Amino acid sequence: AYTGAVVENADFTGAVNLSEEQREYCCAWGGSKTRSSIPGGCEGIPNQLER
């Protein structure tokens, strides 16, 4: 647990073929800028950086 990467300030606008698992991970560990650019959104996925 907690051994992955933090994906802050990444822009996923236009990203294609993200798996559901990848989308959820990027939402959880992406911060607000990243979360706002994830295709499919991040609704219901807690932001782990705000813990």
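**Figure 1. Arg23, a buried residue of helix H1.** Arg23 has a relative accessible area of 16%, so it counts as buried. This is a predicted model. Arg23 has company in H1, where Cys26, Cys27, Ala28 and Trp29 are buried too. Part of what covers the buried residues of H1 is helix H2, which runs over residues 31-37.

**Figure 2. Glu20 and Arg23 joined by a salt bridge.** Zoom in on these two side chains and you'll find them meeting in a salt bridge, with 2.6 Å from N to O. Side chains of opposite charge can pair when their charged atoms come close. Both partners sit in helix H1, three residues apart, or about one turn of the helix. How exposed is Glu20? Its relative accessibility is 43%, so Glu20 is partly exposed, while Arg23 is buried at 16%. If you're keeping a tally, the count of salt bridges comes to one.

**Figure 3. Asn17, just ahead of helix H1 in the view.** Asn17 belongs to the segment before H1, the helix that spans residues 20-29. Its relative accessibility is 75%, so Asn17 counts as exposed. Now look at the backbone: Asn17 isn't a glycine, yet its phi is positive, at about 65°. Most residues other than glycine have a negative phi. Which residue is Asn17 paired with in the C-alpha distance shown here? The partner is Pro39, 22 residues away along the chain, and the two C-alpha atoms are separated by 9.7 Å.

**Figure 4. Asn9, another asparagine with a positive phi.** Asn9 has a phi of about 60°, again without being a glycine. Like Asn17 in the previous view, Asn9 is found in the segment before H1. Is Asn9 buried or exposed? With 56% relative accessibility, Asn9 clears the 50% cut-off and so counts as exposed.

**Figure 5. What comes after helix H1: Gly31.** Following H1 is Gly31, and here the positive phi, near 75°, belongs to a glycine. Helix H2 covers residues 31-37 and is among the elements that cover the buried residues of H1. Those buried residues include Cys26, Cys27 and Trp29.

Methods:
Residues numbered from 1 in each chain as written. Predicted model: local features only at pLDDT ≥ 70, side-chain atom pairs only at ≥ 80, totals over all residues. Heavy atoms only, no water. Helix = DSSP H or I, 4+ residues; strand = E, 2+ residues; numbered from the N terminus. Buried < 20%, exposed > 50% of the residue type's maximum accessible area, 1.4 Å probe, protein only. Salt bridge = Lys/Arg side-chain N within 4 Å of Asp/Glu carboxyl O. Contact = heavy atoms within 4.5 Å.
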